[in-house]
Amino acid sequence: MEYKIALIRGDGIGPEVVGEAVKVMDVVAAKYGHTFRYTDVLMGGCAIDAVGKSYPDGTAETCKACDAVLLGAVGGPKWGHSTQPEKRPETALLSIRKDLGLYANLRPATLRPALADACPLRRETAEKGIDLMMVRELTGGVYFGKRERYMTEDRGEEASDRMAYSELEIERIGRRAFELARLRGKKVSSVDKANVLETSRLWREIMHRLAKEYPDVAYEDVLVDNCAMQLVRDPSQFDVVVTENMFGDILSDEASMITGSIGLLPSASIGDTAPGLYEPIHGSAPDIAGQDKANPIATILSVAMMLRYSFQLAAEADAVERAVDAVLAEGWHTADMAGDADKLVGTVQMGRLICEKL
Ligand code: NAD
C-alpha cells in the first residue's frame, strides 16, 4: 500500500527527532512492502523566518491531501515575544487542529517494562504496571469559549471565560473512548466535575447513554479531583480515561510524569475525516537543539500510533513498539533518561539502534 505523510519538522529538536522517525518508517516500508511518500510542510518559527507567518497559506490544504501528519515540535525563545498572532508559533498549532477538525487527543501513558525504575511512584505501585490511554476533548470547552474583560461598579476589573459543551461534542469524543476501549482493556473512566458544573452534568448524562450502547465495556464516572489522586495512588486501575479539554490538559501531563521521561511519550490528535496528526508530547527543547542529545523515541512511538490508528497497520505498529522496548531493555538511553554511562547514546545512534532491532 502507498501512504502519503505530511512532515512538519518544525523548530529546535523537531527536525532531529522527525529525521530519526523517517528512518524508522523507511525500514517499516521496506520490511512490510509499503510505500510512504513524504511531503515537507513548513510551520512554526521556521515558517515565520521564511515567509513571515507561522501558519503559511495552504498549510491545511497540503495536510488534507495526505493520509496523516507527523509533527516534531514548533516554537522557541526566538519567536516568543511577538504580539501578532501570525508571528507566534503556537497560533499554528491551534490553527492546524481547528482546520483539520482534530477534536480527540489521544495520549497513551505506558510505563515501559525496562523503565520501571524511572517511575516516580512507589515501587509496588509501579510494579503493577501502567498502561492507560488519556482521551482529551481538544476543540471545545473553556479554551474555546468567549473571553471577556470588563469593569464592574464595585469590584474593579473582572474577567470571564465561558465553558460550553454541546451534545454533539460530547457524544463524538465519548464514542471515540468506547471504541478505543474495545481495542484495549475494555474499560472507560469518564472524568468530570458533575457535583459542581452544568457542562459536566450534561457530559455525564451523555456518557451514561453511550455506556448502554457498549455493554461489553466497563464504565465508571470519576470526579476530576479524585482522578488526579488515583493517578498517583494506583494508575493500574485505568484503561481509557476520557475527559473535557481543560481537565485533560492537566491530567494528561500528570499521567505523563508518572511514566518517566518526557522524551518517550507520543500522542495523536484525530477527527472524523481529515488526516490524524501525530506528535511527541514534548516541545522543541531549544536548550538541547542541534546537539544530537534529543530523545527520538516519543516521535518514533508517534509513528507507531500513526501506523495503528490512521493506517490500521497493527502488526507494523507492534513491531515498532517492540523494537523500542528491545533497545531500552538492553539499557541504551539518551541523556534525559537514567542509565549506565557506557550505554548513553545520541539522537542518531538511538534511531539507528531502533532501526536495527526492526
Ligand atoms: P520542552 O518539552 O521543549 O522542554 C522541556 C524540557 O524537557 C527541556 O529541558 C528539554 O531539553 C527536555 N526535553 C524535551 N523533549 C526532549 C527530548 N525529546 N529529549 C530530551 N529532552 C527533552 O518544553 P518547554 O521548554 O516548555 O518549551 C520549549 C518550546 O517548545 C517553547 O517554545 C514551547 O512553546 C514549545 N512547545 C511546543 C510544543 C509543540 O510543538 N507541540 C509543545 C510544547 C512546547
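Guide: Welcome! A polar contact here is a pair of N or O atoms within 3.5 Å. Keep in mind that this is a predicted model.

Visitor: Which residue has a backbone N or O atom 3.1 Å from an oxygen atom of the ligand?
Guide: A distance of 3.1 Å falls within the 3.5 Å cut-off for a polar contact. The backbone N or O atom in this pair belongs to Ser284.

Visitor: How much of the ligand's accessible area does the protein cover?
Guide: On its own, the ligand has 800 Å² of accessible area. Of this area, the protein covers 67%.

Visitor: Which residue places a polar side-chain atom by a nitrogen atom of the ligand?
Guide: Backbone atoms serve elsewhere, as with Gly76, which has a backbone N or O atom 2.9 Å from a ligand oxygen. For the nitrogen, the distance is 3.2 Å, and the side chain is that of Glu279.

Visitor: How many residues of the shell around the ligand are charged?
Guide: The ligand has 20 residues around it, and those that come nearest are Val74, Gly283, Ala285, Asp287 and Asn295. By class, the shell has nine nonpolar residues and seven polar ones, while the charged residues number four.

Visitor: Let's turn to the helices. How are helix 10 and helix 11 oriented to each other?
Guide: Helix 10 spans residues 297-310 and helix 11 spans residues 314-329, with axes that come within 7 Å. Their crossing is left-handed, at roughly 160°. Angles over 145 degrees count as roughly antiparallel, so these two helices are roughly antiparallel.

Visitor: Is the crossing of helix 1 and helix 11 left-handed or right-handed?
Guide: The axis of helix 1, residues 14-32, comes within 11 Å of that of helix 11, and the two cross at roughly 130°. That angle is why the pair counts as oblique. The handedness of the crossing is right-handed.

Visitor: And how are helix 1 and helix 12 oriented to each other?
Guide: Helix 12 covers residues 347-357, and its axis comes within 9 Å of the axis of helix 1. The crossing is right-handed, at roughly 15°. Since angles under 35 degrees count this way, helix 1 and helix 12 are roughly parallel.

Methods:
Residues numbered from 1 in each chain as written. Predicted model: local features only at pLDDT ≥ 70, side-chain atom pairs only at ≥ 80, totals over all residues. Heavy atoms only, no water. Near = heavy atom within 4 Å. Polar contact = N/O pair within 3.5 Å; in protein donor to acceptor, adjacent residues only side chain to side chain. Areas by Shrake-Rupley, 256 points an atom, 1.4 Å probe, with all protein chains shown as cover. Nonpolar A, V, L, I, M, F, W, Y, C, P; charged D, E, K, R; others polar. Axes fitted to C-alpha atoms, helices over the stretch in contact; angles between N-to-C directions. Helix = DSSP H or I, 4+ residues; strand = E, 2+ residues; numbered from the N terminus. Parallel < 35°, antiparallel > 145°, perpendicular 65-115°, else oblique. Left-handed = near helix turned anticlockwise from the far one by under 90°.
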